[in-house]
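Student: Could you take a close look at the charged side chains here and show me how they pair up? I'd also like to see what surroundings they sit in.

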Amino acid sequence: MRASLGARQALTSPPELLEFETPSTRLELYREVARISEVEAGQAAQAPVLFPITQHGELMAAPGFEARTDLLQSPDAGAPLELSFDGRAGERWPEDRRESLQGLSEREAAELVARTLLAHWKINPSGVVQVDRASGAPYAAAYVDGILRINPAFLYMAAAQGPAFLAGAGQ
């Protein structure tokens, strides 16, 4: 994968391609996703957006986040969210640990990102939130009809922001 590959292209590629990219390449893609999230925030999702959510019955772009946000540092919101990763919609979340995900499995990384995004978006579901794996999707994460779909390629980008990778990102 070339460093010139854009974030939108990277999201529609297999996540394995990002896994083996350098931390600095993945960090730059993450920063691009964050910039786009801030530009798109609050817009009606008539065109594809990176973080579509339903709010008051309308599909729109979720609130954006800053490029320095570590999505793997899940906030303690007091009342824990109930998440389900049972994969009933198809793709299962891999449980094997990956160096490119700060030593976490995709499922563990998805749980942290899910909790962080839902808290940031101020989504307080009354029941269990199904978290589906959406590889190749044209978005990073989408919360529609009570289901959170996360693109695993986005997890590899988000993991590059974490403290374990920041020290080596300039290499």
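Tutor: Happy to. One term first: a residue is called partly exposed when its relative accessible area falls between the buried range, under 20%, and the exposed range, over 50%. Please also keep in mind that this is a predicted model.

Let's start with a pair in which that term applies to both partners. Glu28 and Arg35 form a salt bridge, with their closest N and O atoms 3.4 Å apart. Glu28 has a relative accessible area of 40%, so Glu28 is partly exposed. Arg35 is also partly exposed, because its relative accessible area is 43%. In general, side chains of opposite charge can pair when their charged atoms come close.

This bridge has plenty of company, as the whole structure holds 11 salt bridges. One of them brings together Glu19 and Arg98, with N and O 3.0 Å apart. This pair links distant parts of the chain, for its members are 79 residues apart. Glu19 belongs to helix H2 (residues 15-19), while Arg98 is in the loop between strand S3 (83-84) and helix H4 (106-120). The surroundings of the two partners can be read from their accessibility. Glu19 counts as buried, because its relative accessibility is 7%. Arg98, with a relative accessible area of 29%, is partly exposed.

Helix H4 has a pair of its own. Arg115 and Glu111 form a salt bridge whose closest N and O atoms are 3.1 Å apart. Both residues lie in H4, 4 residues apart, which is about one turn of the helix. Glu111 counts as partly exposed, because its relative accessibility is 21%. The pairing goes further than these two, since salt bridges with shared partners join Glu95, Arg107, Glu111 and Arg115 into one network.

Now for a charged side chain without such a partner. Arg26 sits in helix H3 (residues 23-40). Arg26 is buried but has no salt bridge. The nearest side chain of opposite charge belongs to Glu21, 7.1 Å away. For a salt bridge, the nitrogen and the carboxyl oxygen must be within 4 Å, so that distance does not qualify. Backbone oxygens come into the picture instead. The Arg26 side chain reaches the backbone oxygen of Glu21 at 3.3 Å. A polar atom of the same side chain lies 3.5 Å from the backbone oxygen of Leu18.

Finally, here is the wider setting. The chain has 6 helices and 6 strands, and 50% of its 171 residues count as buried. The largest nonpolar core has 46 residues, and Phe51, Trp121, Ile150 and Phe154 touch the most other members. Helices H3 and H4 are among the elements that each supply at least two residues of this core. The most comes from H5, which gives 7 residues. Ile150 is worth a look in your viewer, with contacts that include the charged residues Asp132 and Arg133 as well as Trp93, Val131 and Leu155. Of the contacts between residues at least 6 apart in sequence, 64% join residues at least 24 apart. The chain exposes about 8,300 Å², with carbon and sulfur atoms supplying 50% of that area.

Methods:
Residues numbered from 1 in each chain as written. Predicted model: local features only at pLDDT ≥ 70, side-chain atom pairs only at ≥ 80, totals over all residues. Heavy atoms only, no water. Buried < 20%, exposed > 50% of the residue type's maximum accessible area, 1.4 Å probe, protein only. Lys, Arg positive; Asp, Glu negative; His and termini not counted. Polar contact = N/O pair within 3.5 Å; in protein donor to acceptor, adjacent residues only side chain to side chain. Core = buried A, V, L, I, M, F, W, Y, C linked by side-chain atoms within 4.5 Å. Contact = heavy atoms within 4.5 Å. Areas by Shrake-Rupley, 256 points an atom, 1.4 Å probe, with all protein chains shown as cover. Lists of a residue's contacts leave out its neighbours within four places in sequence.
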